Structure formats: C-alpha cells, structure tokens
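Here is a friendly walk through one protein model. Please have a look at it first, and then we can go through its inner spaces and a few of its contacts together.

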Amino acid sequence: MKDNLVIVESPAKAKTIEKFLGDKYKVLSSYGHIRDLKKRSFSVDEKTFAPQYEVPSDKQKVVAQLKSQADQASMVWLASDEDREGEAISWHLYEVLGLRPEKTRRIVFHEITKPAILDAIEHPRQIDLNLVNAQQARRVLDRIVGFKLSPVLWRKVKPSLSAGRVQSVAVRLIVEREREIQNFKCEENYRVTALFHNADGSEVKAVLNRRFATIDEAKTFLESVKGSKFTVQDIQTKPVKRTPAPPFTTSTLQQEAAHKLGFTVAQTMMVAQHLYESGRITYMRTDSVNLSKLCLGASKTVIAEQMGKEYVKTRQYHTSSKGAQEAHEAIRPTYMDQQQIEGNQQERRLYDLIWKRTIASQMADAELEHTNVTISIDGKEETFVAEGEVVKFDGFLRVYSDEALPQRGSGDGASENEDNENLSTLPVMQVGETLNREQIVATQRFSQRPVRYNEASLVRKLEELGIGRPSTYATTITTIQQREYVEKGDKPGEERSYQTITLKGDKLTQASHTTIVGQERGKLLPTDTGIVVNDFLIENFPEIMDYNFTADIEKEFDEIAEGKMAWEGVVKNFYQGFEPLVEKSVNTHTEHKVGERLLGKDPATGATVTVKIGRFGPVAQMGNNEDGQKPRFAQLNAGQKLETITLEEALELFQLPRKLGMYEGEPITIGAGKFGPYVSHKGSYVSIPKGTDPMEITFEQAVIMMHRKHQEEAERHLKAFKEDAELEVLNGRYGPYITYKGDNYRLPKNMHERAKDLTYEECMEIINAQSEKPAARPARRRFTRK
C-alpha cells in the first residue's frame, strides 16, 4: 500500500494528477459528492435546521473503496476544487471516511500542472468550515424552498411541478420580458440620409441630425432642400483609445462562447471542465479577473516575441463584484506559450478563445482616429453629420475583438441596425468646401421592441442583478427548460411595409418596401405552465420572487463564507417569514383553478369555454358541472397561448373527433383525450407528435401511423389461445412472457426461443408454478390506454 492517498472529484482529474506525483502517492476519485440530503424526504430539522445527510446507494461502493484505502494510508490529501462546493466535498469525505486530523491534509490549486500540484502539497491547510457552512446554508435553504413550495404547486397548478429559489426568479425575468414585448407600442419616425460627392468625386455618406415624426414632415424637408447648397461647416478629429477587456470569469466566458462560438452555457461549462481536468486551463468556476505573476511574465514574453515590444502592456485587473475572491485567478491557459492544443474541435475552439482573451488583456491599447464632419444646409438649422474612423495602431485588436455580436432579428424597423454600422474611412475634405448632392433618402423607421433573452443575455442579467452564482447558471438554465417552464425556440417574425422618399436631382419619388421584423433564433420563451407558475408565486410568495431578496441572500452566503454570520441564523430568519406564507397559500381556496381564463360561451350549446393548465399541459374546457354538462377537453395547438387564445380559436379545437375515412373495413379517426390528440383504428391508438396540428393530419398520414402501430402489436402478440381468451404470450422489452387475468408471468430462459409454440397446458403449468411461490415482489400490472 502507498503511504499517501489523494482524493479528487473526477476520474479525469485523478488521472492527470497521478502523472505529476511519485510512486508514494495513489490518486482516487470520489465521483463528486459522496453524501447529500435524502432525495425523497425533507431531511432538514425544522427546529435546529440541521441537515440530515445520507450516502446514496450508488455511492456505497465508492465510499467502501475510499475508506479501505484511507485506513491503510499514512496520510490522506483531500484535493477537491477550491470553491465552496469543493470544500463541502472534502468535509463530507472527512466525516464519512472517519478521518483523523493528524493524518488528513486539505490542498487546493487553481490549475492542474506539476508545479501547482507540488506547491499545494508543500502548503496544505485545514478544511475551511466557513466555506462549508456557506455551502450548507445554500443547500438547506434551497431544500426548504423546493420541498415546501413544490407541493403547493402540485395542489394549485398541476402535479410534478417544482420551484426553486434561483430558477423561479430566472423564469420571472423571461416572463416579464415576454409581456414587455406583448405590451410594446411601436412608434415611427423618418431617418434622413444623404450621399454627397466632394471635389475629387469621392463618396461622403451622412445622416441628418434630426428625425421627423410623420411622412408629411419628411416630404416638406426634402422639398425645401432641392436647391440648397451643402457646405463642410466643421471637421473635428480626435484620438480614441480602446482598452482590452479583462480575462475571463465564469460568466463572461459563458457569454462570449455563446456570442462567438454558438455554445450553450451548459456546453461551455462541460468543455471548460475537460480543459481544466486535462491541465489546459485554470479552474473554470471563478469570479476573479486576477492573473498570477507567472502568467503576466509568460504573456509578456509571448507578445514581445510574436508581435513586438510595442504591443506589450502588462495589466492587473481587479474584480468589482463584492463576492469575488481575488485569491483565485481568472480563467486562463496554464501555459501561455501554447497557442494551440490537441483535442476535439470544441475544446480547440474554446481554448483558442481563452488564449486570445488572456493575451489581449496584456496588450497595448488600440489607437484610433475618429473624425466628425458637420455639413451645413443653406438656409436650414438642420445639419448632416458624417463620421469616420481610422485605426492608427491596432494594439490588442490584432489578436482579439471584444465587440459582442448584435442580436439578430431584434429590429422592428426598415433596417434599424444601420445606426450601428462600422465606421469607415472618410475622404479628405476642407472646411468651406462645397459638396455635390447625389441623393437624399428619408426612410420610415420604427422603434425597437425589447429583445427576448437568449442563454448568454440571461446570464448577463442574472449576474447584473446579483442572483445566484455564475457556477450555477448552467444548471439553472438547464433546469427551467427540463421543467418545461421555458423552451428554447425561434420566432419567424412578420412582414412589415415601410416607406421611402428619395430626392434625386429635382425629382421626389415615394416607394413602398417590405422587410421581416421580429425574427429571432435560439431565444428563451416562457411556456404557459411557466407563466401560470410565475404569476402564482409572485402573488403568494412575493419575497421569494423579489430580485433584491435573492441578491441579498447571496450576500449573506458571502458573509457566512467570511465567518461574519452563523449559517443557522440566516436559514432561521428566512424560514420564520416563509413558512406562514406556505400555510396561508395551502389553506386559501379559490373558485377557479390557478391560471384559468374565461373566454366566453359556445354559441351552439351555451356551454362555458375556459382555458387552463391541465394535468398534461394547456387545455381548453367546454362545459362544467354548473352548466349541467359533462366537460369536454381539448389540448391547445402549438403556438397557442393561454393569455392570447380567442374564443373562436378555442371552439375550433372541439371539432374533434374527426373521421378521416375507412381503412381495412373500420373507420380511422382523429380524437383528443387527456393525453393529447391521437389517431384511433380498431381499438388501437397512436399519439400525434407534439407540435403537429391534428386538424392537418391527412388520411394517408393516419394510415401510415396506424399501419406501423398494427405491425408493432403483431410483433408483440406472439400467441393467443382459444381455450381461454385472457391467456396470451407477449413479447416485452425483457423478452417473451405470459399474461393472464391482468398478471404477468416470466418464461424460463430455455423456453424463449419456442415462445410462439407453447401449448395451453405448458402456459398453465408455468402460471400455477409461479402462483404457488411466495412473491418476491408485487406482480407487475399491464396497463393499456383506454
């Protein structure tokens, strides 16, 4: 047995570290947390708030192996990550493995390189219980919110819903943005641009310093400048410097990888984890922009050798956010002289982004010259303005441009992003010079509506508000999509017409054009369930949904980590205000279901028509017990929303069942049930895929669906018996079996191959033999769709 046992979280990390340590060290992985709160119980003492931990069944074997190795080792080195989560993992290992202080050391490092690992071994420390308590406070508080709120949602909205302290606030942001868009009132104006030529015949593009509210005002202006003289009134030239952005933190890496590489937040974190564990980059969960002296020196050498000394400017950035830990480093390459690495395409692309951002942060400012030319109009107060920009020294721009990509599809005008065009070089002009007018165009523009969040912009907003921590954003965004509160989708946009008025020579012409506005891709859209849950939580639990409250809790976690607050007190103060709200919400009875919306009455029957969240999603309901009619239900079609669907649209949903025709002598029908729309034929049912309009299913499509269903059923039904209609031999996912009077019976393996040829007597013998044995577990029931 080796003298030293090193325990890390992941096998990949263990494999990399083991290469740096000698034969006296054995490196094993805990595979993440080995202990957590019990999954199916509250697991928090409601008086002391002490967490009740357990070792999950899937970690028992890992724990047994680690304990065996720890008992034999002379020293155990706990080498989990350096954040609060990592500190908690080390503490749980210490507790569960029964380690002793004299034979236990805690080591941390922010990069997996040989010098960093050996330095950590030389400078061990004890487990920081303040960091552990901060993580415990977060875990316990989140468990309280989840376990107390979720049952309320099951009772008030629909089963299987969940609520979370950070995820619910993230959903609120997305819902509120959607409503801003719905309530947005567009305003129009006319933007005037001109194309001139100077004495050399070079083009000069300029924009009028005023916009007109109506088309008549724009026409009047153009008419008035037909004979005007255009003169260069002023030329202002000034130097401009651009400074590089700091090296990456977790959130800025997530945002930039989304903008420049098209990565999702979860994808970025997964790839960054691989790069860290293979020793390519420093620790990827950090809110610090600090760089080590070693990195600063290495960067200086690389820049001087590859680009010249004039490109070198050593900088040390400092984090402005209160919770940041400057002892940590920004995300950077472990070796700055490695510009490229081996690996898959995603790893190479993300590493390239990190390397360029780090190198750029240590490079000289870019030097530009910005020119503003004011062009006067004879007899007018208005002026045209031409702008240009020239790069005098590219500096860090030689390596990295930190300009975020524009969010496409956000403009609600003729071409709103023209205002943000890249400035080009202007031709040489002199004050007093007369310019020749080529044409002047007034274009109808429309104010931009708010832009929906994508993953990157939601991360930016969460960080701006101080909600959650960057290391949890990937999980939060994934969770709200898995819970179907939010979906990632595209908006096709809509066609809009706009007018232009062009003055060329002395002729004024008006033209109509069309463009697509509001087109968006990969945006986060709230579902009906998400909207209803959000509204319910805001009404009944306003404090939980308050942005400031969520941010303040994060500050208290920071103070616990610094040893300034007791974690039990933070949880207790929260619980005392939270529990009464839960009780009040549970005991409040309402006449209508949460989120239910009355649309009107069916003209044909007089039945009340409503929409609400049903057990299986958004549904329309016709009739109720008060009307004396049996309620009918129909699921909403794709694209229909509870907040916007009309009575007429809802009535169309009740046109089902719809008979399509005859197939093999039996009708084939489109129907709707509590599980959604379906095709039925000869007692068999096939669910219509989500997003497919049941009113658009053709007879041919339905026949294909049912033919496949019948084929599957034929392959499943191996044999029936005339002696007893309740006896069948079926083919299941685990092989053939017998079903009889609702119970299932396993076939011996030596009978699998001749399952189709079993006799009635053989089947009854198997049934009787298994019925006589005491059941090891309850017999599985066979359920069929009614």
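## The second largest cavity

Five nonpolar, five polar and no charged residues make up the lining of the second largest cavity. In this grouping Ala, Val, Leu, Ile, Met, Phe, Trp, Tyr, Cys and Pro are nonpolar, Asp, Glu, Lys and Arg are charged, and the others, Gly among them, are polar. The lining residues are Ser162, Gln167, Ser168, Val171, Tyr485, Gly530, Val533, Asn534, Leu537 and Met545. Two elements, α6 and α14, give two or more residues each, and α14 has the largest share, with four residues. The volume of this cavity is about 50 Å³.

Some terms help here. On a 1 Å grid over the protein atoms alone, a cavity is a set of points where a 1.4 Å probe fits but cannot get out, while a pocket is an open set with protein on both sides within 12 Å along at least five of seven lines; lining residues have an atom within 4 Å of a point. Grid points are joined across faces, edges and corners, and a volume is the space filled by probe spheres set on the points. Helices (H or I, at least four residues) and strands (E, at least two) are DSSP runs, numbered from the N terminus.

The model is predicted, with local features needing pLDDT of at least 70 and side-chain atom pairs counting only at pLDDT 80 or more, whereas totals for chains, interfaces and linings use all residues. Residues are numbered from 1 along each chain as its sequence is written, and side-chain values use heavy atoms, with hydrogens and water left out.

## The largest cavity

The structure holds two cavities of 30 Å³ or more, and the largest has a volume of about 90 Å³. Of its 13 lining residues, Gln635, Asn637, Leu653, Leu656 and Pro694 lie nearest the centre. At least two lining residues come from each of β20 (632-635), α17 (647-653), β22 (666-673) and β23. By class, seven are nonpolar, four polar and two charged.

## The second largest pocket

Moving on to an open space, the second largest pocket holds about 1,400 Å³. It is lined by 50 residues, and Glu487, Ala638, Gly639, Gln640 and Lys641 are the closest to its centre. The lining divides into 18 nonpolar, 16 polar and 16 charged residues.

Which element gives the largest share of this lining? That is β13, with four residues. Among the elements that supply at least two residues each are α6 (165-183), β13 (486-491) and α14 (528-540).

## Two helices that cross

The axes of α8 (residues 250-261) and α9 (residues 265-277) come within 9 Å and cross at roughly 115°. Axes are lines fitted to C-alpha atoms, for helices over the stretch in contact, and angles run from 0 to 180 degrees between N-to-C directions. Thr250, Leu253, Gln254 and Ala257 of α8 make the contact with Val265, Thr268, Met269 and Ala272 of α9, where contact means heavy atoms within 4.5 Å. These residues comprise five nonpolar, three polar and no charged.

## Contacts of Ile215

Ile215 belongs to helix α7 (residues 215-224). Leaving aside neighbours within four places in sequence, Ile215 is in contact with Tyr190, Gln499, Ile501 and Gln510. The C-alpha atoms of Ile215 and Tyr575 are separated by 60 Å, with their positions 360 residues apart along the chain.
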